[in-house]
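Work through the following exercises with the sequence and the model side by side. Each task is followed by a solution that proceeds step by step.

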Amino acid sequence: MRRMRWSKPISIFLVACLFVLSLVTGPDVNAQSRRNPEAGKKKAAKRIGIGAAIGAGAGGLIGGRKGALVGAGAGAGGGALYHIHKKRRYARRRHR
């Protein structure tokens, strides 16, 4: 019978403690960090691949097979630089 007498005050105390602790925690508890949509591996592969294809096409028109290989390398490098530029630009704009 004594257990029943103390169970209600203890439960009220625990509920009050939970309520106070929920007020003490700051608003950052539920804040979500935003993912950079410009920084995915698929986007990187797409940008590098498109750069390589354009470079290979231009190099092939100018210098044949050897020119296509050189153009593909240069285009892939350009695509990688473009991807890095887009990724950094998004990070600078969104996280001030």
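**Exercise 1.** Decide whether His83 is buried or exposed in this predicted model, and establish which residues His83 touches beyond its neighbours up to four places away in sequence.

*Solution.* Begin with the relative accessible area of His83, which is 7%. Since the limit for a buried residue is under 20%, His83 is classed as buried because its value of 7% falls under that limit. Next, place the residue in the secondary structure: His83 lies in helix H2, which comprises residues 41–94. Finally, list the contacts, leaving aside residues up to four places away in sequence: His83 touches Glu38, Ala39, Gly40, Lys43, Ala44 and Arg47.

**Exercise 2.** Take Ala44, one of the residues touched by His83, and determine its burial class; then do so for Ala80, and find how far each lies from a partner 35 residues away in sequence.

*Solution.* Ala44 lies in helix H2, and with a relative accessible area of 15% it is buried. Ala80 is also found in helix H2, but its relative accessible area is 26%, so Ala80 is partly exposed. Turning to distances between C-alpha atoms, Ala44 and Gly79 are 8.1 Å apart although 35 residues separate them in sequence, while Ala80 and Ala45, again 35 residues apart in sequence, are 8.6 Å apart in space.

**Exercise 3.** Characterise the surface patches to which Phe13 and Arg89 belong, and give the exposure class of each of these two residues.

*Solution.* Start with Phe13, which is found in helix H1, residues 2–24. Its relative accessibility is 53%, and because exposed means over 50%, Phe13 counts as exposed. Together with Trp6, Ile10 and Leu14, Phe13 forms a nonpolar patch on the surface, and the accessible area of these residues together is about 450 Å². Continue with Arg89, whose place is in helix H2; with a relative accessible area of 32%, Arg89 is partly exposed. On the surface, Arg89 gathers with Arg34, Arg93 and Arg94 in a patch of positive charge.

**Exercise 4.** Describe the chain as a whole: how many helices and strands are there, what share of the residues is buried, and what part of the accessible surface belongs to carbon and sulfur atoms?

*Solution.* First, the secondary structure consists of two helices and zero strands. Second, of the 96 residues in the chain, 16% are buried. Third, the accessible surface comes to about 8400 Å², and carbon and sulfur atoms account for 65% of this area. As a last step, consider the contacts with a separation of 6 or more, of which 64% are between residues 24 or more positions apart.

Key:
Residues numbered from 1 in each chain as written. Predicted model: local features only at pLDDT ≥ 70, side-chain atom pairs only at ≥ 80, totals over all residues. Heavy atoms only, no water. Patch = residues over 30% accessible without salt bridge, like charges linked within 9 Å, V, L, I, M, F, W, Y side chains within 5 Å. Areas by Shrake-Rupley, 256 points an atom, 1.4 Å probe, with all protein chains shown as cover. Salt bridge = Lys/Arg side-chain N within 4 Å of Asp/Glu carboxyl O. Lys, Arg positive; Asp, Glu negative; His and termini not counted. Charge placed at Lys NZ, Arg CZ, Asp CG, Glu CD. Helix = DSSP H or I, 4+ residues; strand = E, 2+ residues; numbered from the N terminus. Buried < 20%, exposed > 50% of the residue type's maximum accessible area, 1.4 Å probe, protein only. Contact = heavy atoms within 4.5 Å.
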